[in-house]
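Take a look at the protein below. We will start with the whole chain and then move to a single residue.

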Amino acid sequence: MATYLDDVSRTFGEYLLVPGLTTKQCVPGNVSLKTPLVKFKRGETPAIALNIPFVSAIMQSVSDAGLAIALARNGGLSFIFGSQPVETQAEMVRKVKKFKAGFVTSDSNLKPDNTLADVVALTRVTGHTTIGITHDGSPNGKLLGLVTSRDYRAERDPGDRPVKEFMTPFSKLTVGEIGLSLTEANQVIWDHKLNTLPIIDKEQNLVYFVFRKDYDSHKNNPDELLNTTDKTLLAGAGINTRDYERRVPALVDAGVDVLCVDSSDGFSEWQSDAIRWIKQEYNGRVLVGGGNIVDPEGFRHLVAAGADFVKVGIGGGSICITREQKGIGRGQATAIIDVATARDAYYKETGVYVPVCSDGGLVHDYHMVLALAMGADFLMMGRYFARFDESPTKKLKIGNNYVKEYWGEGSNRAQNWQRYDMGGSESLKFEEGVDSYVPYAGKMKDNLEVTLGKIKATMCSCGAITIEELQKNAKITLVSSTSIVEGGAHDVILKE
């Protein structure tokens with residue numbers, strides 16, 4: 001007969017945190033939200049650690065290059081959606097990797113015999129106002145000059161005017177040589193009052209640009225999630241269990257830092273086969289997470305395949321109707337508690353810590369603290385990020401309110417049948433997600449500051465200044481339906 005689990009399937013709204021001793025050290029300014037993204041051995045550090053415990057969902061309506069850049073600049077990570085052609089997903093990854101600060105490979109280059117019309121056309125395509133002039137128009141050709149928006153007046157100068165007539169020639173440029181550190185490069189920029197410092201090799205070939213605006217930007221975004229080697233922003237990408245043999249190489253070539261197999265049900269042989277292939281093909285060098293699962297058996301299955309983190313949650317997302325359609329899933333709080341217990345047992349047995357990601361079921365900001373206290377190392381969110389300017393969807397006015405479009409990967413609109421792989425034909429037989437709107441919330445940074453402020457304040461009330469301390473020391477209580485009502489405003493007449 002069927003196996004019956006003794007526990008009740010519960011969600012975050014059924015729990016509250018009980019205050020712990022708030023010491024004098026427990027102030028928001030002392031709270032660290034740094035958390036591991038990928039597995040590591042006892043005594044070692046993870047290859048990637050997040051500066052805030054947030055990643056964005058692998059969804060068309062959430063995670064494109066624009067949101068990936070914004071989130072990485074604020075300390076989190078995006079997994080760029082995989083329900084698109086391989087080439088366009090790889091290009092989104094490249095856009096994130098090229099954006100950042102530090103030593104930037106130039107992708108706006110022309111030759112001296114190009115014209116002003118070519119400059120204007122290139123600027124419109126790339127959005128960049130600094131153009132490297134090289135002997136062959138390539139990113140690494142011999143540097144002959146530089147063109148910026150201060151060198152021409154597009155509305156007055158003739159379009160056929162050659163670049164060599166108005167560029168700043170190499171003889172008048174301040175340059176740095178390869179081997180210069182980023183700190184040293186920024187000092188040159190400061191000393192010479194530059195906006196751009198070209199970095200060249202001994203043969204005068206252009207290698208990188210270093211921009212003043214990137215230095216200023218980093219000062220305003222101290223939690224930026226950067227590759228420690230080349231100072232590029234970190235970027236993740238979602239993959240499926242169908243075309244991974246073609247998609248993964250393209251993403252790796254584009255510079256992706258970490259992958260995640262995107263599936264509504266990760267407890268499958270298709271997913272473990274995909275993870276094993278990646279680990280074997282790249283000799284363990286490519287990082288990849290798996291999911292989604294809701295119990296210890298699913299966790300062990302993916303870890304055995306080589307998963308670097310495991311994503312937990314089936315049916316809890318605001319646009320997900322998997323439970324309604326298939327009767328499959330588990331309350332998110334119960335799933336996290338169960339899987340985190342399995343994670344801790346595995347760590348005790350093997351000395352390998354495999355981070356757990358909570359995906360779905362987060363309605364209020366305090367639910368995020370509950371998820372972390374229950375054992376999640378980081379949180380994947382879709383609805384939360386879909387509301388911001390940086391998400392890829394349209395902002396619309398419905399009645400008197402501004403909203404943004406938000407649809408599930410299981411909806412007909414997304415046509416992401418690969419996410420629901422059951423080994424059959426290439427089609428979506430029925431929907432497991434809806435097409436909807438979410439209230440427009442403005443800029444990501446402004447909203448993140450409020451949310452992270454709440455999280456830090458709540459952690460201080462629990463007597464914890466790190467996520468690890470929160471998981472060890474938090475006290476959590478079940479609440480009745482009556483006490484939930486008591487927790488809101490009641491027995492008063494609210495002012496409008």
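Accessible areas come from the Shrake-Rupley method with a 1.4 Å probe. By that method, the protein exposes about 23,800 Å². Carbon and sulfur atoms supply 51% of this area. Keep in mind that this is a predicted model.

Now for the overall build. The protein has 16 helices and 24 strands. Its radius of gyration is 25 Å, and the globule rule gives 23 Å for 496 residues. The two values are close, so the protein is as compact as a globular protein of that length. Along the principal axes, the C-alpha atoms fill a box of roughly 80 × 55 × 55 Å.

What share of the 496 residues is buried? Buried residues make up 51% of them. Next, consider contacts between residues with a separation of 6 or more. Of these contacts, 64% link residues 24 or more positions apart in the protein.

Charges come next. The protein carries 56 positive and 61 negative charges. The mean positions of these two groups are 4 Å apart.

Now zoom in on Gln84. This residue lies in the loop between β6 (77–80) and α2 (86–99). Is Gln84 buried or exposed? Its relative accessibility is 11%. Buried means under 20%, so Gln84 counts as buried.

Which residues does Gln84 touch, leaving aside its neighbours within four places in sequence? Gln84 is in contact with Gln89, Met92 and Arg247. There is also a polar contact of 2.9 Å, which joins the side chains of Gln84 and Thr88.

Notes. Residues numbered from 1 in each chain as written. Predicted model: local features only at pLDDT ≥ 70, side-chain atom pairs only at ≥ 80, totals over all residues. Heavy atoms only, no water. Helix = DSSP H or I, 4+ residues; strand = E, 2+ residues; numbered from the N terminus. Rg over C-alpha atoms; globule rule 2.2 N^0.38 Å. Buried < 20%, exposed > 50% of the residue type's maximum accessible area, 1.4 Å probe, protein only. Contact = heavy atoms within 4.5 Å. Lys, Arg positive; Asp, Glu negative; His and termini not counted. Charge placed at Lys NZ, Arg CZ, Asp CG, Glu CD. Polar contact = N/O pair within 3.5 Å; in protein donor to acceptor, adjacent residues only side chain to side chain.
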